[in-house]
Every structure is written in C-alpha cells, then in structure tokens.
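Biologist: I am new to reading protein structures, and I would like some help with this one. Could we go through it together, one feature at a time?

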Protein chains: 2
Amino acid sequence: MLDYKLLAALAAVVEQAGFERAAQVLGLSQSAVSQRIKLLEARVGQPVLVRALPPVPTEIGRRLLNHVQQVRLLERDIQAQVPGLDEGGPPERLRIALNADSLATWWAQAVGGFCTEQGLLLELLVEDQDVGLKRMRAGEVAACVCGSERPVAGARALLLGSMRYRALASPGFIARYFPRGVTAAELAQAPAIVFGPDDLLQHRYLSALGVEGGFAYHLCPSSEGFVRLAEAGLGWGLMPELQVQEELAAGRLCELLPERPLDVPLYWHHWRSGGELLGALTQHLQRHAAAGLVAAKR
Amino acid sequence: MLDYKLLAALAAVVEQAGFERAAQVLGLSQSAVSQRIKLLEARVGQPVLVRALPPVPTEIGRRLLNHVQQVRLLERDIQAQVPGLDEGGPPERLRIALNADSLATWWAQAVGGFCTEQGLLLELLVEDQDVGLKRMRAGEVAACVCGSERPVAGARALLLGSMRYRALASPGFIARYFPRGVTAAELAQAPAIVFGPDDLLQHRYLSALGVEGGFAYHLCPSSEGFVRLAEAGLGWGLMPELQVQEELAAGRLCELLPERPLDVPLYWHHWRSGGELLGALTQHLQRHAAAGLVAAKR
C-alpha cells in the first residue's frame, strides 16, 4: 500500500497553504513535514509541490491529493463502524467548495439539520460557480456546488435547481444614470459591479440586450459586499433574488428592466466512491436544496 | 528610467492570476507577455515569478510590484491634470484590500458618495483582518483596511474605529447545547464557526472565558454565509453587531453571554506618496467610517 503518512503531509501543506501551518495541524516539526514531502518526491520520481507562497501541487501532486480525498471519505464509513480505529484528534471536516451566492442564501438551511444530526463539521471553500470544479479535480474537496454540468472523472453531478438573479440598482443610481428610463445603450455606460474575473453574469445580461464590448465595473468578491455596494449607489449588478427580498420590499434596490431574471442552474458534484456520509448528504440535498432554488429548465 | 512595459506585464500576470488572462487584459499574445517577463528577469538577473498556478511573485518580484503600485497612484494625478496623456482603454480600478466583515457592513456607505463624485472604480480584495497588510507590502494594493496598527515601510496607518462583535447562536442551538444556561466549559464543547485559519476571534472569546485548548468548528470564509450557518443552527460564532441587527431583533440569533462584546480596531493603511486621489479618499474615510464603527479605546 501507499505510505499515507507522506500523502497526509502533502495534503496538509496544500490545505493549510504552507509548511508551518501544516506542521502545526499534523503536530510535527516543519522539517519533518518537509522531509516527508521530499521522501514522497523521491518515491514518485518527480516534484509533487511547487515551493511557492502558497505551495501549489504539481500535476502528479494533484492526482495524489485526489486519491487522498477519496480515501478519507471511505475512512469515515469504517470509523463509524469501528470507532476504535479513530486516532483521536479533532474530528475531520468535510471540505466542500461552493459559490458565494449559494453560501449567502440557501445552503445553510438546506444542510443545517443534516450536520446537526450527524455531528458533521464542514470546511467550506468559496469558489466562483465556474471554477469550483477545479478543486474537485485537484482532489482538494469532497464535493462542490457549481454551475457546470459535466462531472470530473470518478464523480457524479446532480442538478439541484436554479438560482434566480435580477439586475438591480439603488433608486438614486437609477435616477442619476437613467433619468429617461433604462435603455440597453445607457446601461452599458453606467458602472456595474462584478464579483470577480470569472463572473460573467453582467456580461451575459448586457449581451442578451444586444450590447457588445466592454463596460466599466467595480470588482467585489463578496456576495454581501456586492449588495451593499449596489445599495450605496456605486453600480448595478445581478443579485440572487433570495438574498435581496428585503431590499426589494423596502425599495432600497429596484429592478432595472422589469421581469428580466437570469436563471443559473446549480449542480452538486460528489465522488462516486465517496462513502455513506457523502451519499446521505447527497440524498439530503436532493430533498432540501429545492426550497431555496427555482426549478431548472432543461 | 525603468522599462514600464515589462513591469506592467509582471503586474498583469500577478493581478490576473495567469499569463492567459494577463495577455487578454494587455491586448497582447501570451508569448509576448512571457517574453516581457523573461526580459525583465534577464535585466534583474533573477526570477521575478514562480511559474505556479497561479503565478506568484518572488521576493524581488514583490518589490517591483510595490513600486508599480505607487507609480500608478502618482499617474492618476498627472492624468487628471493632463488628460491627453491617458492612453485610453478602460479606467483603472483602485485596488483595496479589506476584511470581509467591513465589506459586508460599513464600507459601501462610507465610500459610496466619494466613488460616485470622483467617477472612481474599485477593485476590492477580501483578506482577513490580520493578513490584508501582506497585500500592501507586496505592492498588490493601493490601500487596505485591517486590524494591524503597524504600517509597512512607505505607508501610514489611520485608526478608523472598532467593529463590535457579539457571540451569537440560534435559539435552537442554545436550547440543544446549553439547556441549563451557557457556561464556558459547555461552550467549548459546542461546535463553533470560524471564518478561516486567520480568524482567532472565537479562540480569543473562549480564552477570555478561561477555556484553553482546542474546540470543534466549521470553517466558512464568507461573512454572509457565517450568519446563515449560525441562523441554521450549525454553530456559534462572533458576528459584527452591524450585520445582525435584524436577526437579533427578530430573535433568530441570540447573544450567548449577555453584554460580552469584543471590539476589534480597524486601521486604514495607505501609501504616503499615494497621490491626491488616495489622499482625498483617506480624508473622506476619516469623516465617514465612524458612522458604522464604535469609537476605539486606545
């Protein structure tokens, strides 16, 4: 069998984003962690890590991490059946990548009961909906919620439903930039808010209105911050309907063009051999995610 | 003078987290960007980038980026005075690092008017309050809001006020874990929520209660997600008072121990030679940040 002490060192360095923190988590010295990585590299005959800040796995390192992730999921099952196997230490967290808007809206309600019943701790990683899958492929997470339908090798994708977005701005912003009503051409001239380089919702919205080319925008990688910036009149942007019900009701945010929502389907990606816990969580999500999402058109 | 074409290529690769996106932003081919980086490395006689995913600046690369950031701030002033100098293209964004909780609460209201008046676009980077300063030092941002008082070389730090945090949980969580009232020992046994490895607020809160040692926690790197998890009963945690006024009023979240807030001072770090725009923003923040913060005890 593989030497899992070495693989656990690699996983800790990547997950903790450094040798120092990995050493703390593993209860080892930094040089011991470093030696384990070197030994692993001697065995596989090539580097498993790029020594950058933070350290990044190489292609072969990524494949090893992917394997570690799946073994960990299987270990949960056997530890539940044979409690004596557990080496003690703090309970391991289930690492899940999801998009910021899901975390800001439906996620907690959908999984809360399950986590409490199972005594399950989560480590959530916020990734934009089109890039969360990279974490799956890299073996850094047990599951992910993202906008991509296509599962990575060894995993399955389940359609949960769609997040409904609306293009909103503050009344002051609308009065300032669109005194004669919102038109596509004027919208392209008003500052927008974009979550990050992978957020193309605003681009898609403008493109559906026939606007091509660039536009000026703020970058704000926080769901809550995005809503706050819009409320403060810095720009317009697409926000999850679920997140802004109160702002809409109070008139602090208004829809730019009536009834032009954008529905973004969300998929749950999980390892096929992910063990019983991940299977039970998948079934739970299948039943409970829908409450916060709209039915997706196929 | 230095060759700023080469430095701009370095900045784009780091800011865009890759050669492909840097090439798009610069309107160059990927190989042209790569050649510029190589030429820069030939000039300085050592690598400026570690070719990882994403690429990471070396120590010398970091110093060069720091310089680029300051030159860019000065360029804003001269471009405002001599508009013909501007090479066109989309307006540059002012890059500012701040903690997620500030972005989720007081930030937008404090800067909204200033950005609208000045036609200023922001690129916000979310960094935990104790690490945002690293971005300053690396020359990746023009300013930052963080919990550290000590400015980096060439910069100034200004005390804005304090964020007031309260330890909160849902009524269901409190009934489940503390049926006989909250005690320090029981609190250490109940699952907490922690923002990320740099968030020590929960540790500090327990430590002030005399609890030492580890405790079980979820990791959730999103301010809004943190509140949602607490509301759904997954754990207890320290949340900015500003962010949960409604949840407190509606009784969806309750304070664990009455009147034990934790105040965290926030500082605005800005380059000393940051130009007029950054100076004006600093003055504006000095007047407007206080509305969302409590006066800091020195």
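Biologist: Let me start where the two chains meet: how many salt bridges does the rule find across the interface of chain B and chain A?

Modeller: A good place to begin, and please keep in mind that this is a predicted model. The general idea is that side chains of opposite charge can pair when their charged atoms come close. Between chain B and chain A, the rule finds 0 salt bridges. Polar contacts are another matter: 8 residue pairs are in polar contact across that interface, counting pairs with both residues at pLDDT 80 or more.

Biologist: Where in chain B do the residues that touch chain A come from?

Modeller: Four elements of chain B each supply at least two residues to that side: helix H6 (107-118), strand E4 (122-126), strand E8 (217-219) and helix H11 (223-231). The largest share comes from H6(B), with 6 residues. By residue class, the side of chain B that touches chain A holds 26 nonpolar, 9 polar and 9 charged residues.

Biologist: And how much area do chain B and chain A bury between them?

Modeller: The size of an interface is often given as the accessible area lost when the parts come together. Here chain B and chain A bury about 3600 Å², with 62% of it on carbon and sulfur atoms. Three residues, B:Thr116, B:Leu219 and B:Glu224, supply 14% of the area that chain B buries against chain A, more than any other three residues. The contact takes 44 residues from each side, chain B and chain A.

Biologist: Let me zoom in on one of those three. What is B:Thr116 in contact with, leaving aside its neighbours within four places in sequence?

Modeller: Its contacts are A:Arg176 and A:Gly233, once those neighbours are set aside. B:Thr116 lies in helix H6 of chain B. A polar atom of the B:Thr116 side chain also lies 3.0 Å from the backbone oxygen of B:Gly112.

Biologist: How many salt bridges does the structure hold over all chains?

Modeller: The structure holds 33 over all chains. One of them joins A:Arg95 and A:Glu123, whose closest N and O atoms are 3.2 Å apart. This pair links distant parts of the chain, 28 residues apart: A:Arg95 sits in strand E3 (residues 94-98) and A:Glu123 in strand E4 (residues 122-126) of chain A.

Biologist: Now for chain A by itself. Into which domains is chain A divided?

Modeller: Chain A has domain 1 (1-92) and domain 2 (94-298). Taken over C-alpha atoms, the centres of these two domains of chain A are 32 Å apart. UniProt, in an unreviewed entry, lists residues 2-58 of chain A as "domain: HTH lysR-type". That span is 61% helix and 7% strand, and its end C-alpha atoms lie 19 Å apart.

Biologist: How do I read the meeting of domain 1 and domain 2 of chain A, and what area is buried there?

Modeller: Use the approach we took for the chains. About 1300 Å² is buried between domain 1 and domain 2 of chain A, and carbon and sulfur atoms give 53% of that. On the domain 1 side, helix H1 (4-15) and helix H4 (59-81) of chain A each supply at least two residues. H4(A) gives the most, with 10 residues. The residues on this side of domain 1 of chain A are 6 nonpolar, 4 polar and 5 charged. In all, 15 residues of domain 1 are in contact with 18 residues of domain 2 in chain A.

Biologist: How many salt bridges does the rule find between these two domains of chain A?

Modeller: Across the interface of domain 1 and domain 2 of chain A, the rule finds 0 salt bridges. The count of residue pairs in polar contact between these domains is 0, with both residues required to be at pLDDT 80 or more.

Notes:
Residues numbered from 1 in each chain as written. Chains lettered and ligands numbered in written order. Predicted model: local features only at pLDDT ≥ 70, side-chain atom pairs only at ≥ 80, totals over all residues. Heavy atoms only, no water. Domains from an automatic or database assignment. Contact = heavy atoms within 4.5 Å. Buried area = accessible area lost by both parts, 1.4 Å probe. Salt bridge = Lys/Arg side-chain N within 4 Å of Asp/Glu carboxyl O. Polar contact = N/O pair within 3.5 Å; in protein donor to acceptor, adjacent residues only side chain to side chain. Nonpolar A, V, L, I, M, F, W, Y, C, P; charged D, E, K, R; others polar. UniProt positions renumbered as here; feature names shortened; annotations may be inferred.
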